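Let's take a walk through this protein together, going from the overall layout down to a few individual residues. Have the structure open as you read.

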Amino acid sequence: MADMLVNLLHIEGYYDELERLEKEDIKIFRALAPDKYRIVEWVKEHSSINAAGECDVCFSNNPISCFIAAKGSEIIGYACYNATAPDFFGPTRVSEEYRGKGIGKALLLRSLNAMKDEGYIYAIIGGIGPAKFYEKCVNAVLIDSSKEYSVYEHFLAGIEKKENNSKGGCNPLLKAKAIFFN
């Protein structure tokens, strides 16, 4: 899983994105503790058990390092930071039916601006999925050495994937995730 680097001094603000989404009754806001279990369950259902674990960690941070996209009381997306490691953005996801509306970009910008406000100058987008999206939205650049050496080196699901690949087989769930995330 490769990572990307973002210079937070050169990212755009997020107010215009939030204002545009609010016209569609979509709000982006920092998660609150009373919603922890609802949010973590949503992440588990729409992303993975691994992402749910990372999201859960965000509720131990001060401030909580998870932003939610919601239409009314319906969660339609999320973005986390400082979950796997300090200065890391991710995981993130937007419901399929709401993709293409700029929600992912708004969550990304809101999270990266929060990181900037907390004193970070650079952010790492960990275990990237859509590299072109990050390049376009925030001028993220690939960290070449992260292809070989990564914070995810001792990630159990990653180890399991390597084990299955070396045996010539692959867990169908991991195969589906590999297709989705690559």
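Follow the chain from its start and you'll meet the pattern β-α-β-α-α-β-β-β-α-β-α-β-α-α. That gives 7 helices and 7 strands, where helices (H or I, at least four residues) and strands (E, at least two) are DSSP runs, numbered from the N terminus. What you're looking at is a predicted model, in which local features need pLDDT of at least 70 and side-chain atom pairs count only at pLDDT 80 or more, while totals for chains, interfaces and linings use all residues. Residues are numbered from 1 along each chain as its sequence is written, and side-chain values use heavy atoms, with hydrogens and water left out.

How much of the chain is tucked away? Of its 182 residues, 44% count as buried; buried means under 20% relative accessible area, exposed over 50%, and partly exposed in between (1.4 Å probe, protein chains only). As for the outside, the accessible surface is about 10200 Å², and carbon and sulfur atoms hold 54% of that. Such areas come from the Shrake-Rupley method with a 1.4 Å probe, and for residues only the protein chains shown count as cover. Looking at contacts (heavy atoms within 4.5 Å), 69% of those between residues at least 6 apart in sequence join residues at least 24 apart.

Now find helix 5, residues 131-138, where Tyr134, Cys137 and Val138 are buried. Seen down the helix axis, these buried residues fall within an arc of 75°, so they line one face of helix 5; the arc is that of the directions from the helix axis to the C-beta atoms. An α-helix has 3.6 residues a turn, so residues three or four places apart point the same way. The buried residues of helix 5 pack against strand 1 (3-7), strand 5, helix 4 and strand 6 (122-125). Over on the other side of helix 5, Lys132 and Lys136 are exposed. Just after the helix comes Asn139, with a positive phi near 55°.

Next, two loop residues. Ser95 lies between strand 5 (88-94) and helix 4 (103-117), and it counts as buried because its relative accessibility is 5%. Leaving aside residues up to four places away in sequence, Ser95 touches Trp42, His46, Ile75 and Ile76.

Leu9, in the loop between strand 1 and helix 1 (15-22), is partly exposed, with a relative accessible area of 49%.
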